[in-house]
Every structure is written in structure tokens, then in C-alpha cells.
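Visitor: Please take one part of this structure and go through it closely, step by step. I would also like to hear how the rest of the chain compares as background.

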Amino acid sequence: MSLKVLIVEDDLGLREALCDTLSLANIGFVEAGSAEDALVYLEHTRVDMVVTDVNMPGMDGHQLLAQIKQRFPLLPVALITAYGQVDRAVDAIRSGAVDYLMKPFEPKQLVELVLTHTKGWVGDQVDTPVAESPASQHLLQIAQRVAQTDSTVMITGESGTGKEVLARYIHQHSARAQAPFVAINCAAIPENMLEATLFGHEKGAFTGALSSVPGKFEQANGGTLLLDEISEMDLGLQAKLLRVLQEQEVERIGSRKMIKLDVRVLATSNRHLEQFVAEGRFREDLYYRLNVFPLQWLPLRERVEDIVPLAKRLLAQHCKKMKRSLASLSEAACERLQSYAWPGNVRELDNTIQRALILQMGPMIQQDDLHMGVTSIPMRHLSPSPSMSSPAIKMAVVEPSIPEPSVGGALDQDLRQHENQIIIDALVSFKGSRKLAAEHLGISPRTLRYKLAKIREQGINLDDLLSG
Ligand SMILES: Nc1ncnc2c1ncn2[C@@H]1O[C@H](COP(=O)(O)OP(=O)(O)OP(=O)(O)O)[C@@H](O)[C@H]1O
């Protein structure tokens, strides 16, 4: 997700100059000619920062600031004031502006201001976690309180319960919110690379170290570092990590220089770390160093009140991504969601909602559109794997040379849904192998590539579906 700054300026010449400056600095931007247009834009699109002129006809920059603070409290806003308006600029800072620029200013001042206030900004992901059940609400309240401190926090919970979401929430509610939030998944990095990734390395420190690279600790300096799935770290590295946490300084591999750190550390685990400690697989001293403040997400099945609100949030997010109008859930669909045990927790719910959106292109998700606990998507009208090579299914996957219906009518949508369904099912069955899936579907690999590109264009996240 690249950085996007909204420039609000009624003077076309100046607006173009501001946009050119950002463009030259490789910073993404969008522009609005008035505060009113800016607000309409913000309702629909994510931006990372707003830079607005103060003097504009209609709503001025101060009024725009007040509106933004009310509707998007975490979005940084900077004002451009006329020469001599220092008093008003100071007022604006008191009302929540992060900074101001006084005309005339150098292009580099604008770039510096934007980079300072967008460092570590995490865009869409700052949404408050859904928490309707009493247990989840209590968890968020405690998380908010612990966010105000610099204490190390250990977040536990089954896989997919929302541990990373909670970590980001803590960062966003801490005094470090404007500084970087850096996450590293200890299980996803090959064991021999984890140390260099965490602590950094100097050029030539090992074969393949072609340049000096700062580690995650350095990248997170001033902010928060999330050590995801900490239980997967080997014992040797655990000892080194403990030292860094105790000393609050880090030494890149191949360097003798200590770098002072000011990093808040959060860790997550979906394992019973106490058991790991008892078995000698996790250092007891590190466990106590990290477990200063333990927070735990309950499994989704134990917070039933969260299920439907979460499903609605996920539905809205995916409809937006797919650029389609907002779909809703029927009563029966809600009941079905609430009566399922969700072994994969919120991540499984997310996948289920995505699948339902593929199956149901209409305005309402029905009970039958929900397929839980499946590794492949069952077809509503066509039976799964055994008949996948049947001529009927092969015919359903239309080669691009055959003109597709030009009108986006119900039949067209229905056919497209079925086609998507068949293609995804084949990919799931063949564990993502495009070659085997294409052979099975009786189409060329090129055609399959084309079809997959079309599916992606509809906003369907194939990676998530295939990993789900
Ligand atoms: N309370 C919540 N509100 C909104 N979205 C949530 C919430 N909990 C989880 N999610 C969504 O569910 C998905 C899984 O969440 P997350 O990655 O935080 O889980 P996790 O516990 O860290 O998973 P893992 O153990 O596999 O690393 C994400 O897409 C996240 O946005």
C-alpha cells in the first residue's frame, strides 16, 4: 500500500506546484480544489495525510480540520497558512493539526513535513477491532490502558483470533502512534535469516550480505516492534533477543557498534508458552521478560456476539475492494454464522465471507451461500471433484475467444459466478497448481491465466482463498 497525501488547495497554480513537489519526491497524492470536495473524497477513499490551505472560499482549512478530526480522528492534517498568520496556525495545532507550513516555503519543507507525519502510518488497518461481546470489550479497554504505558505485552489466542489486529490497536493508542509499527513473523522467516532480519547486518558480514541492512529493531526505533509467533524462535536466538531487550541496544551482525534503541515490544503466540517453557523449548527468563502484560483473545466460538458484527465489517471491506455495492446478510445467514464453531476463528470467517460474495453476486447473502469448514468450495448446482472433468463443467469455462455476453445481466452474472467457482475449486483441488488445474479444466494455461486475471479484477483475493 503506497503513501497517499490529499492536497486541498483552491489555487490551481499552487496546487499543481504542491503536487509536482510530491511527485518528484515519489510520494503519492490526490488533489481537491475545495474543502467540500476533500470531504466527499475522504468518505470513499483512504489517504494517509491531508495538507490543506487555510484560505479557501466556502469551507476554509480550519473548518475542514475540525470536520476531519471529528470523522477521521487519526488522520494527520497539516495546514498551509498565509504569511503572518502565526496565531491561527497555533490555534490549528491546538485543534489537532499535526503541523503547519507558512507561505512562502521551500519544496523540501513540504516533503519533510509529509514524511515526518506519515512515518509508520498504517492506513486502513487502524480500524478499531470489532468487539461486541463483553469479554472482547473488556479486552479492548485493558488494551487501551496498557497502550498508554511502555510495557511489553504478550498477546495470546488461537490462530486467526485477531492478535495482530490487537497489536496494531495498542500501537495506535500509544504515544508512539506516529512512529513506525513494524511486524515480523518469526515463523515465516527461515531460521538462519531471522537473526539478521531482527538485528540487521553489515556489508560482507556473511555470504550474500552485499550491503549493510538495518534490522527490524532499528526500523522500529521510536515506535513498536511486533514479534509474531515468538514461540517459533530457536533457543540460541532467544538468548540474543533477551539481551537486546534488557540492554535496549542492538549490534548489527558484523559490526561492533552498539545502536541505542527506544522500541516497545509486543509479542504474540498461539501456543501455550508455559508448556514450551516446561518442556525447555522456550527460555523461562525471556518468557517473563515478554509476558509483563498478558492479553488473550477468546476463540471466536466463545464470543458469539462478535460474529455477526465481524461478518458485516468483513462484508463491507470486501464489497469495497470488489467495487460492488454493499451486500447484506439474511437473518438465516446470520443464525448459521452464529451456530458454527469457527476453528479457524476470524480468518476463517473472513474466507467464508469472501466465498459467499463470489457465490452470491446479488444484494443479500443467503444461508446457502455460506460454506464453512471446507477446503474446497462445494458447488451449488454442480457436484465437486468427481464431476470436475465432466464435459458440462469444461463447457462452463469459456475460452476468451468466445465472445462473453456484453450485457451485465443476471444470466451473465450467474455464468461468471459459476465460472469463478469452478476455476477456484480446481485450483484448490490441485493445491494451487495452475498447470494441473488448466489440464483438468480442459483449457490452456494461457486461458487460465487470463481467467485468473479477470477474477482478480473483480477484487477477489485468490491468495487468501487458496491459503484458506
Ligand atoms: N476484532 C477484529 N475486528 C476486525 N477484524 C478482525 C478482528 N479480529 C481479526 N480480524 C481480521 O481477521 C484476520 C485475522 O486476524 P489476525 O491476523 O490479527 O489474527 P492472528 O491471531 O494474528 O492470526 P495468526 O495466529 O494466524 O497470526 C485479519 O484479516 C483481521 O483483519
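**The five-stranded sheet and its surroundings**

Guide: Helix 5 (residues 107–118) lies across strand 1, strand 3, strand 4 (77–81) and strand 5, and its direction is at about 180° to that of strand 5. The model is a predicted one. The strands just named belong to an open sheet of five strands in the order 2-1-3-4-5, with parallel pairing. Strand 2 (28–32) and strand 5 (99–102) are the edge strands, and each pairs on one side only. From one strand to the next, the twist averages 20°.

Start with strand 1, which covers residues 4–8 and runs parallel to strand 3, joined to it by four bridges. Strand 1 also runs parallel to strand 2, and here five bridges join the two. Between strand 1 and strand 2 the chain passes through helix 1 (residues 12–24), and this β-α-β crossover is right-handed. Ile-7 shows both pairings at a single residue. Its bridge partner in strand 3 is Val-51, while in strand 2 it stands opposite Glu-31.

Next comes a residue with a record attached. UniProt, in an unreviewed entry, lists Asp-53 under "modified residue: 4-aspartylphosphate". Asp-53 is in strand 3, which covers residues 49–53. Is Asp-53 buried or exposed? A residue is called buried if 20 or more other C-beta atoms lie within 10 Å of its own. Asp-53 has 23 other C-beta atoms within 10 Å, so it is buried. Leaving out residues up to four places away in sequence, Asp-53 touches Val-8, Glu-9, Asp-10, Gly-61 and Ile-80. Two of these can be placed from the ranges already given: Val-8 is in strand 1, residues 4–8, and Ile-80 is in strand 4, residues 77–81.

At the other edge of the sheet, the stretch between strand 5 and helix 5 is a loop, and Pro-104 is in it. A cis peptide bond joins Lys-103 and Pro-104, with omega at about -10°.

Some residues here also belong to a nonpolar core. In soluble globular proteins, nonpolar side chains tend to be buried together. The largest nonpolar core of this model has 70 residues, and those with the most contacts inside it are Leu-166, Ile-170, Leu-225, Leu-227, Leu-266, Ala-311 and Leu-349. Apart from that core lies another, of 32 residues, among them Ile-7, Val-47, Ile-68 and Leu-79. Ile-7 is the residue of strand 1 that stands opposite Glu-31.

For background, turn to the residues around the core of 70. Helix 15 (residues 345–359) gives the largest share of this core, seven residues. Leu-349 touches Leu-300, Ile-307, Leu-310, Ala-311, Leu-314 and Trp-342, not counting residues up to four places away in sequence. Asn-345 is also found in helix 15. Asn-345 has a positive phi of about 55° although it is not a glycine. With 22 C-beta neighbours inside 10 Å, Asn-345 counts as buried.

Asn-345 is in contact with Glu-158, as are Asn-270 and Pro-299, leaving aside the neighbours of Glu-158 within four places in sequence. Glu-158 lies in the loop between strand 6 (153–156) and helix 7 (163–172). Glu-158 has 19 C-beta neighbours inside 10 Å and therefore counts as partly exposed. Its C-alpha is 5.0 Å from that of Asn-270, although the two are 112 residues apart in sequence.

Helix 7 is mostly covered, with eight of its ten residues buried. Leu-166 and Ile-170 are among the buried ones. What covers the buried residues of helix 7 includes helix 6 (134–147), strand 6, strand 7 (181–185), strand 10 (224–228), strand 13 (264–269) and strand 14 (293–296). After strand 10 comes a loop leading to helix 10 (235–247), and Glu-229 is found there. Glu-229, too, has a positive phi of about 55° without being a glycine. It has 18 C-beta neighbours inside 10 Å, so it counts as partly exposed.

Last, the whole protein. Its secondary structure comes to 20 helices and 16 strands. Of its 468 residues, 33% are buried. Among contacts with a separation of 6 or more, 68% are between residues 24 or more positions apart.

Technical notes. Residues numbered from 1 in each chain as written. Predicted model: local features only at pLDDT ≥ 70, side-chain atom pairs only at ≥ 80, totals over all residues. UniProt positions renumbered as here; feature names shortened; annotations may be inferred. Buried ≥ 20, exposed ≤ 12 C-beta atoms within 10 Å, placed from the backbone. Contact = placed C-beta atoms within 7 Å. Pairing = 2+ DSSP bridges. Axes fitted to C-alpha atoms, helices over the stretch in contact; angles between N-to-C directions. Core = buried A, V, L, I, M, F, W, Y, C linked by C-beta atoms within 7 Å. Right-handed = clockwise from strand over helix to strand, strands pointing away.
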